Amino acid sequence: INAALPTVKYLLDHGAAGDGTTLDSKAIQTAIDKCAAEGGGRVVLGGGRVYLSGGLVLRSNVTLLIDAGTVLRGSLNKDDYPDFTPQLPYLYSERFTRYLIYAEKEHNIGLAGQGVIDGQGTHEVFDYKLNPGDKDRPYILRFVECTNVLVRDVTMLESARWCSHYLAC
């Protein structure tokens, strides 16, 4: 997927700290949006860094590539995950609305690399017994009505909710 498109390395240019404690969502999203606006390509998280992030929206013709030794770590703050209710009606549409990586009606999208996505789902802020209710427990990945989707080689772990969900893709 996106094999002919150039690799785009925007993250540090857009303020991503990659230190594991600074919230990098805005910088990563800016890179994704800029890459999509320029026709697509790869947004690379690399350098063996840890990027802390809340919800991200993947755009058409963009592959998020997480290099080996690099971690995309989900935020522990529920407010860092915007509410996304898919337009496609389904049974639990009002209950499950928070995601680390989300895409709806996008095409030619990808998530790849030898890196790790850590949802931090075993942390007490996501513990169902301490904090009952489904709404504030984010998925790692949710794609809705997307076409030509690639998810390859990346390790996903510790999701607070389902690890990955593909609805009508």
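A cavity, as the word is used here, is a set of grid points where a 1.4 Å probe fits but cannot get out. Keep that in mind as you work through this predicted model.

**Exercise 1. Find the cavity and describe its lining.**

Start with the count: a search of the whole structure turns up one cavity of 30 Å³ or more. Next, its size: the volume of the largest cavity is about 30 Å³. Now look at the walls. Tyr 81, Leu 100, Gly 119, Pro 138, Tyr 139, Ile 140, Ser 159 and Ala 160 line the largest cavity. Finally, sort that lining by type: six residues are nonpolar, two are polar and none is charged.

**Exercise 2. Take stock of the whole chain.**

First, the elements: the protein has one helix and 14 strands. Then burial: 50% of the 169 residues count as buried. Last, the contacts. Take those between residues at least 6 apart in sequence, and 64% of them join residues at least 24 apart.

**Exercise 3. Trace how strand 4 is paired.**

Begin with strand 2 (residues 19-23), which runs parallel to strand 4 (residues 50-53) and is joined to strand 4 by two bridges. For a concrete pair, pick Leu 23, whose bridge partner in strand 4 is Leu 52. Now go to strand 7 (residues 71-74): strand 4 pairs with strand 7 in the parallel sense too, over four bridges. Here Tyr 51 stands opposite Leu 72.

**Exercise 4. Which strands stand at the edges of the sheet 5-8-11-14, and why is one side of each left without a neighbour?**

Step one is the order: four strands make an open sheet, 5-8-11-14, with parallel pairing. Step two gives the edges: strand 5 (56-57) and strand 14 (164-167) each have a single partner strand, so one side of each has no neighbour in the sheet. Step three goes inside the sheet. Strand 8 (residues 99-104) and strand 11 (residues 139-144) pair in the parallel sense through five bridges. Ala 103 has Phe 143 as its bridge partner in strand 11.

**Exercise 5. Work out what builds the largest nonpolar core.**

The core holds 27 residues, and those touching the most other members are Leu 58, Leu 64, Leu 72, Ile 101, Leu 111, Ile 117 and Phe 143. Next, ask where the members come from. Helix 1 (25-37), strand 3 (41-45), strand 6 (62-66), strand 8, strand 9 (107-112) and strand 11 each give at least two residues to this core. Helix 1 supplies the largest share, five residues. There's also another core apart from this one, with six residues, among them Phe 96, Tyr 99, Tyr 102 and Val 144.

Now zoom in on Phe 143. Leaving out residues up to four places away in sequence, Phe 143 touches Leu 58, Ile 101, Tyr 102 and Ala 103, and its other contacts include Val 149, His 165 and Cys 169.

**Exercise 6. Exposed or partly exposed: sort Lys 26, Asn 61 and Glu 145.**

The cut-off you need is this: exposed means over 50% relative accessible area, buried means under 20%, and partly exposed is in between.

- Lys 26 lies in helix 1. Its relative accessible area is 70%, so Lys 26 is exposed.
- Asn 61 sits in the loop between strand 5 and strand 6. At 22%, Asn 61 is partly exposed.
- Glu 145 is in the loop between strand 11 and strand 12 (147-152). At 28%, Glu 145 is partly exposed.

One more step, on the backbone. Most residues other than glycine have a negative phi. Yet phi is positive for Asn 61, near 65°, and for Glu 145, near 50°.

Note on methods. Residues numbered from 1 in each chain as written. Predicted model: local features only at pLDDT ≥ 70, side-chain atom pairs only at ≥ 80, totals over all residues. Heavy atoms only, no water. 1 Å grid on protein atoms, 1.4 Å probe; cavity = no way out; pocket = protein on both sides within 12 Å on 5 of 7 lines; lining within 4 Å. Points joined across faces, edges and corners; volume = space filled by probe spheres on them. Nonpolar A, V, L, I, M, F, W, Y, C, P; charged D, E, K, R; others polar. Pairing = 2+ DSSP bridges. Core = buried A, V, L, I, M, F, W, Y, C linked by side-chain atoms within 4.5 Å. Buried < 20%, exposed > 50% of the residue type's maximum accessible area, 1.4 Å probe, protein only. Contact = heavy atoms within 4.5 Å.
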